[in-house]
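Visitor: I am new to this structure and would be grateful for a guided introduction. May we look at the model together, step by step?

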Amino acid sequence: MSAYSATQMARKNGYRSGLEDAVATFLKQNNFDFLYEKVKIEWEDLAYRTYTPDFVLHNGIIIETKGMFTVADRRKHLYIKRQHPTLDIRFIFTSSKRKLRKGAKSTYGEWCVKHEFRYYDRVIPEDWLKEKGENKYPKFIKFNGNKIRRVPWLKNMTTKEINFL
């Protein structure tokens, strides 16, 4: 099956990618409870944003599936980890051996090791599913740090304009 048809099939099943569809199918076949894109996590960079993890397992482990792991995704997850250190976010990659960018020496997996995220390729490992724990997350996880006070004239500026200041 081509990547295009896998994505089409995933969308028919209510998922955004073939990898998400495969992970959900695996969890269902093995009778594991999970939430799909039901929890929102507030985080901050220059604005307040929310992150919706792909899966939250019955034991509270948050699973993010990634085919492409962009600079923006990596930056977002570092911010979230810093702002919500108690969340157990783990990655499932199509291939953790893929380079971070063209010409890079580092891979997705090496980035995860460096930043202390657990990861695996293609499926959720059985030991993650058997870990003890409970999903105690509310539907919305607020940012609890000191919120930055916004200056009104800054509100409509782009990041490039702000960095220039």
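**A guided reading of the model**

Guide: Let us begin with a single contact in this predicted model. The side chains of E44 and Y48 make a polar contact at 2.7 Å.

Visitor: Is E44 buried or exposed?
Guide: E44 is part of strand β2. Its relative accessibility is 8%, and the cut-off for a buried residue is under 20%. E44 therefore counts as buried.

Visitor: How many helices and how many strands does the protein have?
Guide: Read from the N terminus, the elements follow the pattern α-α-β-β-β-β-β-α-β-α-β-α-β-α. The count for the protein is six helices and eight strands.

Visitor: In what order do the three strands of the open sheet with β2 stand?
Guide: The edge strands of this sheet are β3 (48–51) and β8, each of which pairs on one side only. The pairing in the sheet is mixed. The order is β3-β2-β8.

Visitor: Which residue of β3 stands opposite I41?
Guide: Strand β2, residues 40–44, pairs with β3 in the antiparallel sense, and four bridges join them. Within β3, the residue opposite I41 is Y51.

Visitor: What angle does the direction of helix α3 make with that of β2?
Guide: Helix α3, residues 71–83, packs on this sheet, where it touches β2 and β3. The angle between the directions of α3 and β2 is about 95°.

Visitor: Which residues does F140 touch, not counting residues up to four places away in sequence?
Guide: F140 is found in strand β8, which spans residues 140–141. With 37% relative accessibility, F140 counts as partly exposed. Its C-alpha atom is 8.8 Å from that of K38, although the two residues are 102 residues apart along the chain. Apart from residues up to four places away in sequence, F140 touches K40, E42 and T50.

Visitor: Let us turn to the open sheet of five strands. Which strands stand at its edges?
Guide: The order in this sheet is β1-β4-β5-β6-β7, with mixed pairing. Two of these strands have a single partner strand each, so one side of each is left without a neighbour in the sheet. These edge strands are β1 (34–36) and β7 (118–121).

Visitor: By how many degrees are neighbouring strands of this sheet turned against each other on average?
Guide: The value concerns neighbouring strands, and direction is ignored. The average turn is 25°.

Visitor: Which residue of β5 stands opposite V56?
Guide: Strand β4, residues 55–57, and strand β5, residues 62–66, pair in the antiparallel sense over two bridges. The residue in β5 that stands opposite V56 is I62.

Visitor: Which strands of the sheet does helix α2 touch?
Guide: Helix α2, residues 18–29, packs on the sheet, and its direction makes about 20° with that of β4. The strands that α2 touches are β1, β4, β5 and β6 (89–93).

Visitor: Through which helix does the chain cross from β6 to β7?
Guide: β6 and β7 pair in the parallel sense over four bridges, and R90 stands opposite R118 in β7. The β-α-β crossover between these strands is right-handed. The chain passes through helix α4, residues 108–114.

Visitor: Finally, what share of the accessible surface belongs to carbon and sulfur atoms?
Guide: Of the 165 residues in the protein, 36% are buried. The accessible surface comes to about 10,800 Å². The share of that surface belonging to carbon and sulfur atoms is 53%.

Methods
Residues are numbered from 1 along each chain as its sequence is written. This is a predicted model: local features need pLDDT of at least 70, side-chain atom pairs count only at pLDDT 80 or more; totals for chains, interfaces and linings use all residues. Side-chain values use heavy atoms; hydrogens and water are left out. Buried means under 20% relative accessible area, exposed over 50%, partly exposed in between (1.4 Å probe, protein chains only). Accessible areas come from the Shrake-Rupley method with a 1.4 Å probe; for residues, only the protein chains shown count as cover. Two strands pair if DSSP finds at least two bridges between them. Axes are lines fitted to C-alpha atoms, for helices over the stretch in contact, and angles run from 0 to 180 degrees between N-to-C directions. Contact means heavy atoms within 4.5 Å. A crossover is right-handed if, with the strands pointing away from the viewer, the path from the first strand over the helix to the second runs clockwise. A polar contact is a pair of N or O atoms within 3.5 Å; within protein, one must be able to donate a hydrogen and the other to accept it, and residues adjacent in sequence count only if both atoms are side-chain atoms.
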